Amino acid sequence: MTALASHNTPSYDNTDLPDVQAPAPWTLTGQGYLIALKMPEDVLDSCTFTPSSLRSSRRSKLSIAMLVNYDSSPVGPYQELLFIPGSFQFNDARRASISRIYVSSQASVTNGRSNWGIPKDRCDFEINFNDSGTDSARLTADNGDMIAELVLSSMGPKLPLPTNLVPKAIRTLSQVWEGLEYTLTPSTTGHGKWAKVIDWKFNSDYFPDLAKGRCIAAIKITDFTMVFPEPRIQSWRD
């Protein structure tokens, strides 16, 4: 791997955004990376970010990471890094679930938790998405600790995202939060191109160490419109 590139990027610290209430559904626009990984079982087994009531049911042929720069949302622009370790057994079906997620906006934290049970936490982002073919991001905790650094690149023509070909069952997520199970099926339209990880590193005290895994495939979604619908909510069996 090459060394992480240095870069001068704008800092996105949206702690001054009003803590507005923005109920679902949400429509968001932006760009970002979707990365499919094969993670070592011992890394996933030792992940403390997954709710304890889900850990024993995990299956993980592939894990998913996403780095996203939202240009617009009901709570304004913000950035996001998330990890889906695999699928878990919920009340009525096996579904994927987000186990760790950082965003740059406190309003996104508050509404993500209350609307969909997504376990968002806030940190500072320095992110540089541009047209050069190479993008970078650095995430920093309030105490100055590095959470993650990523350098990613994309190549080739932009192609329409084949969202209509992805079965609803694969696009559906469930989250466990404060005794409730939230289930939702986001939808996305836009364009993407093939991408790759140039380098990345993570502080495992804050985020799973994805550098221990193997990247299977990556896509840069160059422009998207995403809809997060109202979830189905039911009691969670603990």
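User: In S13, which residue is the bridge partner of Trp177?

Analyst: In this predicted model, residues are numbered from 1 along each chain as its sequence is written, local features need pLDDT of at least 70, side-chain atom pairs count only at pLDDT 80 or more, and totals for chains, interfaces and linings use all residues. Side-chain values use heavy atoms, with hydrogens and water left out. S12 and S13 run antiparallel and are joined by five bridges; two strands pair if DSSP finds at least two bridges between them. Within S13, the bridge partner of Trp177 is Leu180.

User: Which residue takes a positive phi in the hairpin of S12 and S13?

Analyst: Strands (E, at least two residues) and helices (H or I, at least four) are DSSP runs, numbered from the N terminus. Strand S12 covers 173–177 and strand S13 covers 180–184, and the hairpin has two residues between the strands. The residue in question is not a glycine, although its phi is about 50 degrees. In this hairpin, the positive phi belongs to Glu178.

User: Is Glu178 buried or exposed?

Analyst: Buried means under 20% relative accessible area, exposed over 50% and partly exposed in between, with a 1.4 Å probe and protein chains only. Glu178 sits in the loop between S12 and S13. Since its relative accessibility is 71%, Glu178 counts as exposed.

User: How many of the five residues of S12 are buried?

Analyst: One side of S12 carries Leu173, Gln175 and Trp177, and these are buried. Ser174 and Val176 on the other side are buried too, so both faces are covered. The number of buried residues in S12 is five.

User: Which face of S9 is covered?

Analyst: Strand S9 (residues 124–128) has an uncovered face made of Asp124, Glu126 and Asn128. S9 pairs with strand S10 (residues 134–140) in the antiparallel sense over five bridges, with Asn128 opposite Ser136. The covered face of S9 consists of Phe125 and Ile127.

User: What phi does Gly133 take in the hairpin of S9 and S10?

Analyst: This hairpin has five residues between the strands. Gly133 takes a positive phi there, and its value is near 100 degrees.

User: Which residues have the most contacts inside the largest nonpolar core?

Analyst: A nonpolar core is a set of buried Ala, Val, Leu, Ile, Met, Phe, Trp, Tyr and Cys residues joined through side-chain atoms within 4.5 Å. The largest one has 30 residues, and the elements giving two or more residues to it include S9, S10, strand S4 (78–84) and strand S11 (146–160). A second, separate core of 26 residues includes Leu28, Leu82, Trp116 and Leu173. In the largest core, the residues with the most contacts are Leu81, Leu139, Ile147, Leu150 and Leu210.

User: Which residue of the covered face of S9, Phe125 or Ile127, does Leu81 touch?

Analyst: Contact means heavy atoms within 4.5 Å. Not counting residues up to four places away in sequence, the residues that Leu81 touches include Met66, Tyr102, Leu139, Leu150 and Phe207. The list for Leu81 also holds Phe125.

User: Why does the pair of Trp116 and Phe228 tie together parts that are apart in sequence, and by how many residues?

Analyst: Rings of Phe, Tyr and Trp (its six-membered ring) pair if their centres lie within 6.5 Å; planes under 30 degrees apart count as stacked, over 60 as edge-to-face and the rest as tilted. Trp116 and Phe228 are edge-to-face, 5.3 Å centre to centre with 70 degrees between the planes, and both are buried. Ring pairs link these two with Trp26 into a cluster. Because Trp116 lies in helix H3 (residues 106–116) and Phe228 in strand S15 (residues 214–228), the parts tied together are apart in sequence by 112 residues.

User: Which residue lies over the face of Phe129?

Analyst: A charge sits over a ring if NZ of Lys or CZ of Arg is within 6 Å of the ring centre and within 35 degrees of the ring normal. At 5.5 Å from the ring centre of Phe129 lies Lys220.

User: Which peptide bond is cis, with omega near 5 degrees?

Analyst: The bond involves a proline in the loop between strand S1 (11–12) and S2. That proline is Pro25, and the cis bond runs from Ala24 to Pro25.

User: What radius of gyration does the chain have?

Analyst: The radius is taken over C-alpha atoms, and the globule rule is 2.2 Å times the number of residues to the power 0.38. The chain has four helices and 16 strands, and 51% of its 238 residues count as buried. For 238 residues a compact globule would be near 18 Å, which agrees with the radius of the chain, 17 Å.
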